[in-house]
Amino acid sequence: MSLLDIILLSISLGIDCFTVSVVCGAIERRWLWSVAMRSSVLFGLFQALMPLAGWLALHFYAARLEAYGRWVAFVLLAFVGMRMIIEAFRSSDEHSFIRPRKLTTQLLLAVATSIDALAVGASMAVTGYMSLSSLVLPLTLIGIGSLLMSLLGHWLGIRFGSMASRHFRPELFGGIILIAIGVKVLIA
């Protein structure tokens, strides 16, 4: 895999992080460095660690990883997506399920959007990455790329979220996007 391939892979994996971060920023509507950084670091960390887990799992559980990994990602994303859609139709004074500032929400979204990276790690095991040391560069680029894309997404969501939220509900849009990502993972 060339450096260009690794960069393109990093962008591909970071797209889900970017999209979810845009929605989180639109829900938040104001910039808080601690929230944006923690969320982005978690997205980058999980996007980098899941391929490592996939690479390791290929040696032990290749068939189960392929059979169940996609379903786990789909269920997590569909659950969060459905909750966001339901929340979009609640009145504003009702209790909110999706709170992008909460660590538990950030962890759930980071795990859910990175599960498809397990398959990437498994494919790395059969495309020439035979040692852990050979994974350092690709995993670092994937993590940094996802972190940067998450920060950009968060900023764009905050910057344009208030304008957009006048025309549509960010939670509804976010829920649909999460379900679509889950379906993409399931059929890919």
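Begin with the whole protein chain in cartoon view, where this predicted model shows six helices and zero strands. Followed from the N terminus, the elements run α-α-α-α-α-α. Colouring by burial is a useful next step, since buried residues make up 46% of the 188 residues in the chain. If you switch to a surface, about 9,600 Å² of the protein chain is exposed, and carbon and sulfur atoms supply 72% of that area. For a contact map, take the contacts between residues at least 6 apart in sequence: 91% of them join residues at least 24 apart.

Now select α1, residues 3–28. This helix has 26 residues and reaches 36 Å from its first C-alpha to its last, which is close to the 38 Å expected at 1.5 Å a residue. Centre the view on G14, where α1 has a kink of about 35°. Continue to the residue that follows the helix, R29, and check its backbone torsions: its phi is positive, near 70°.

Staying with the first helix, show V20 as sticks together with its surroundings. Which residues is V20 in contact with, leaving aside its neighbours within four places in sequence? They are F43, L109, T113, L178 and I181. V20 is also one of the residues with the most contacts inside the largest nonpolar core, alongside L109, M124 and L178.

That core is the next selection, and it has 34 residues. At least two of its residues come from each of α1 (3–28), α2 (33–88), α3 (103–114), α4 (117–126), α5 (136–165) and α6 (170–187). Among these helices, α2 gives the most to the core, with nine residues. As a general background to such a cluster, nonpolar side chains in soluble globular proteins tend to be buried together.

Two cysteines deserve a separate look. Are C17 and C24 buried or exposed? C17 has a relative accessible area of 0%, so it counts as buried, the cut-off being under 20%. C24, at a relative accessible area of 7%, falls under that 20% limit and is therefore buried as well. The structure holds zero disulfides.

Finish at S34, which lies in helix α2. Its relative accessibility is 55%, and because the cut-off for exposed is over 50%, S34 counts as exposed. With S34 still selected, add R101 and draw a distance between their C-alpha atoms: the two residues are 67 apart along the chain, and the separation of these atoms is 9.0 Å.

Definitions and conventions: Residues are numbered from 1 along each chain as its sequence is written. This is a predicted model: local features need pLDDT of at least 70, side-chain atom pairs count only at pLDDT 80 or more; totals for chains, interfaces and linings use all residues. Side-chain values use heavy atoms; hydrogens and water are left out. A nonpolar core is a set of buried Ala, Val, Leu, Ile, Met, Phe, Trp, Tyr and Cys residues joined through side-chain atoms within 4.5 Å. Buried means under 20% relative accessible area, exposed over 50%, partly exposed in between (1.4 Å probe, protein chains only). Helices (H or I, at least four residues) and strands (E, at least two) are DSSP runs, numbered from the N terminus. Contact means heavy atoms within 4.5 Å. The expected span of a helix is 1.5 Å times one less than its number of residues. The bend at a residue is the angle between axes fitted to the seven residues ending there and the seven starting there. Accessible areas come from the Shrake-Rupley method with a 1.4 Å probe; for residues, only the protein chains shown count as cover. A disulfide is a pair of cysteine sulfur atoms within 2.5 Å.
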